[in-house]
Amino acid sequence: MQIVHSLNDLRSALRPFNQPAFVPTMGNLHAGHLALMAQAQPLGDVRVASIFVNRLQFGLGEDFESYPRTLAGDCQALEANGCDIVFAPTEAELYPQAQTYSVQPPKELAAILEGHFRPGFFTGVATVVTKLLNCVFSGAKDGGFAIFGEKDFQQLLVIRHMVAQMALPIQVVPGAIVRDANGLALSSRNGYLSDSQRTHAASLQATLQHMAQQVKSSSSLGDIPNIEQQAMNTMRSNGWSPDYMAVCNRHNLLSPAAGDHELIVVGAAKLGDTRLIDNLQFNRQ
Ligand code: AMP
């Protein structure tokens with residue numbers, strides 16, 4: 001496995017290949033990231049991961065400075081999981097000038113849910129992902145694959161639409177959420193939790209499951225606002241500060257309309273100082 005820090009070295013390492021399979025990450029890798037790497041295995045002709053903590057997607061007061069940076073351990077894990085090239089640029093390498101050009105996803109998708117509570121987040125994500133895709137795929141004769149986790153479901157939709165609308169020669173591949181045995185979705189931010197918080201944090205997924213169950217067994221979509229409100233209350237009484245607990249159409253993340261079957265419940269909440277997100281896809285007949 002090669003570890004490269006500059007764009008020139010990345011392009012040299014990629015020169016013999018035609019079709020990368022790419023897993024972008026912010027590092028501090030866990031089994032969720034490594035499952036994406038495993039999914040990349042049969043795709044394309046070279047496996048690439050990036051590790052870059054992207055300042056543009058952190059808001060004021062968020063954890064950019066303290067975000068865990070564990071490059072050596074991450075590289076060992078990637079090598080053991082079939083990665084061929086790790087691209088770990090410095091900020092000066094990826095943003096040699098102030099990044100004053102940006103990719104602005106449409107507000108219908110990017111100003112709701114996560115985007116409402118983290119203004120600018122999806123612009124930061126879309127901008128860095130565009131840049132990383134250009135770094136990895138600009139010499140790829142046969143396009144390639146980019147694997148994104150369903151854990152960040154809204155991000156996956158933003159990227160999927162961006163890739164389609166911008167005619168990027170890339171197939172976006174979704175990766176299923178990897179969880180602890182108690183149901184807690186793996187996240188680099190779980191490292192901020194104490195042992196007892198980590199046990200308690202499983203109640204986020206449990207509440208989402210309960211919401212999905214209620215929506216499935218209710219006779220009317222008109223019950224959804226109540227189901228959401230009850231879930232917010234449950235979360236509060238369990239010691240969380242929830243930002244949202246919402247039932248959505250899973251293709252556009254809007255409130256479900258009559259005839260919508262493919263749904264998702266999404267939630268974001270703080271436990272102590274740690275903000276976690278999770279979701280659950282389900283169908284309603
Ligand atoms: P991050 O390093 O948090 O930016 O995540 C990098 C990629 O890993 C994104 O596509 C995430 O959606 C994905 N990811 C993070 N956690 C999980 C998980 N528990 N299961 C599956 N994919 C995940």
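Colleague: Which residues surround the ligand most closely?

Modeller: Of the 17 residues that surround the ligand, the closest are His 33, Gly 149, Asp 152, Val 178 and Leu 186, where a residue counts as near if one of its heavy atoms lies within 4 Å of the molecule. This is a predicted model, in which local features need pLDDT of at least 70 and side-chain atom pairs count only at pLDDT 80 or more, while totals for chains, interfaces and linings use all residues. Residues are numbered from 1 along each chain as its sequence is written, and side-chain values use heavy atoms, with hydrogens and water left out.

Colleague: Which polar atoms lie 2.9 Å from an oxygen atom of the ligand?

Modeller: A polar contact is a pair of N or O atoms within 3.5 Å; here a backbone N or O atom of Met 26 lies 2.9 Å from a ligand oxygen, and a polar side-chain atom of His 33 lies 2.9 Å from an oxygen atom of the ligand. A polar backbone atom of Leu 186 is 2.8 Å from a ligand nitrogen. The protein covers 92% of the 490 Å² of accessible area that the ligand has on its own (Shrake-Rupley method, 1.4 Å probe).

Colleague: In helix H11, which residues are buried and which are exposed?

Modeller: Buried means under 20% relative accessible area and exposed over 50%, with a 1.4 Å probe and protein chains only. In H11, Ile 224, Ile 227, Glu 228, Ala 231, Met 232 and Met 235 are buried. They cover an arc of only 140° around the axis (taken from the directions from the helix axis to the C-beta atoms), which puts them on the same side of H11. On the other side, Pro 225, Asn 226 and Ser 237 are exposed.

Methods:
Helix = DSSP H or I, 4+ residues; strand = E, 2+ residues; numbered from the N terminus. Polar contact = N/O pair within 3.5 Å; in protein donor to acceptor, adjacent residues only side chain to side chain.
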